[in-house]
Amino acid sequence: MVQNNSDIEDEDSGRKPKVCKNCGKGDGIKEIVFGYPSGDFDQEKYIPGGCCIGVFVPKWHCAHCSHEW
Ligand SMILES: [Zn+2]
């Protein structure tokens, strides 16, 4: 179920960052997904970003400080 090929996370490769860039906490990071993916949408891990994509599209959301980057 869990797709975790490696613990090595590199945000440049699109993987989930270990910590929030703003507050440094690592347990509140959710991936922002646009649109509404069918199937296994885990709201513990993902947050819907809506269907409108603007100029700046954050990919990660921190549940602690609401920082998005
Ligand atoms: Zn944060």
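Helices (H or I, at least four residues) and strands (E, at least two) are DSSP runs, numbered from the N terminus, and two strands pair if DSSP finds at least two bridges between them. The structure is a predicted model, in which local features need pLDDT of at least 70 and side-chain atom pairs count only at pLDDT 80 or more, while totals for chains, interfaces and linings use all residues. Residues are numbered from 1 along each chain as its sequence is written.

**Exercise 1. Determine which secondary-structure elements the protein has, and with what confidence they are predicted.**

Begin with the inventory: the protein holds zero helices and three strands, and along the sequence these follow the pattern β-β-β. Turn next to pLDDT, the predictor's confidence in each residue on a scale from 0 to 100. The average over the protein is 78, and 68% of the residues score at least 70. Among the elements, the mean is lowest in E2, at 79, and highest in E3, at 94.

**Exercise 2. Reconstruct the sheet: in what order do the strands stand, and in which sense does each pair run?**

Strands of a sheet pair through backbone hydrogen bonds, either parallel or antiparallel. Start from E1 (residues 29–33), which is joined to E2 by three bridges, the two strands running parallel; one residue pair to locate here is valine 33, whose bridge partner in E2 is proline 48. Then take the other neighbour, E3, which pairs with E1 in the antiparallel sense, again over three bridges, and find isoleucine 29, whose bridge partner in E3 is cysteine 62. Put together, the three strands form an open sheet in the order E2-E1-E3, with mixed pairing. Because E2 (46–48) and E3 have a single partner strand each, they stand at the edges, and one side of each is left without a neighbour in the sheet. The average turn between neighbouring strands of this sheet is 40 degrees, direction ignored, with axes taken as lines fitted to C-alpha atoms (for helices over the stretch in contact) and angles running from 0 to 180 degrees between N-to-C directions.

**Exercise 3. Classify histidine 61, cysteine 20 and tyrosine 46 as buried, partly exposed or exposed, and list their contacts outside the local sequence.**

A residue is buried if 20 or more other C-beta atoms lie within 10 Å of its own, exposed if 12 or fewer, and partly exposed in between, with C-beta atoms placed from the backbone. Two residues are in contact if their C-beta atoms, placed likewise, lie within 7 Å.

1. Histidine 61 sits in strand E3 (residues 60–62) and is partly exposed because it has 19 C-beta neighbours inside 10 Å. Apart from neighbours within four places in sequence, histidine 61 contacts Lys30, Ile32, Ile47 and Glu68.
2. Cysteine 20 belongs to the segment before E1 and, with 22 C-beta neighbours inside 10 Å, is therefore buried. Its contacts, leaving aside neighbours within four places in sequence, are Lys25, Gly28, Ile29, Cys62, His64, Cys65 and His67.
3. Tyrosine 46 lies in strand E2, where its 15 C-beta neighbours inside 10 Å make it partly exposed. Not counting residues up to four places away in sequence, tyrosine 46 touches Lys30, Glu31, Val33 and Phe41.

For the protein as a whole, 4% of the 69 residues count as buried.

**Exercise 4. Show which C-alpha distances link cysteine 20 to residues far along the chain, and what share of contacts spans 24 or more positions.**

Cysteine 20 and histidine 61 are 41 residues apart along the chain, while their C-alpha atoms are separated by 8.2 Å. From cysteine 20 to glutamate 68 the separation is 48 residues along the chain and 8.7 Å between C-alpha atoms. Of the contacts in the protein with a separation of 6 or more, 46% are between residues 24 or more positions apart.

**Exercise 5. Decide what sets the backbone of serine 66 apart, and whether this residue is buried or exposed.**

Most residues other than glycine have a negative phi, and most peptide bonds are trans. Serine 66, in the segment after E3, has a phi near 65 degrees, a positive value in a residue other than glycine. Counting its surroundings gives 11 C-beta neighbours inside 10 Å, so serine 66 is exposed.
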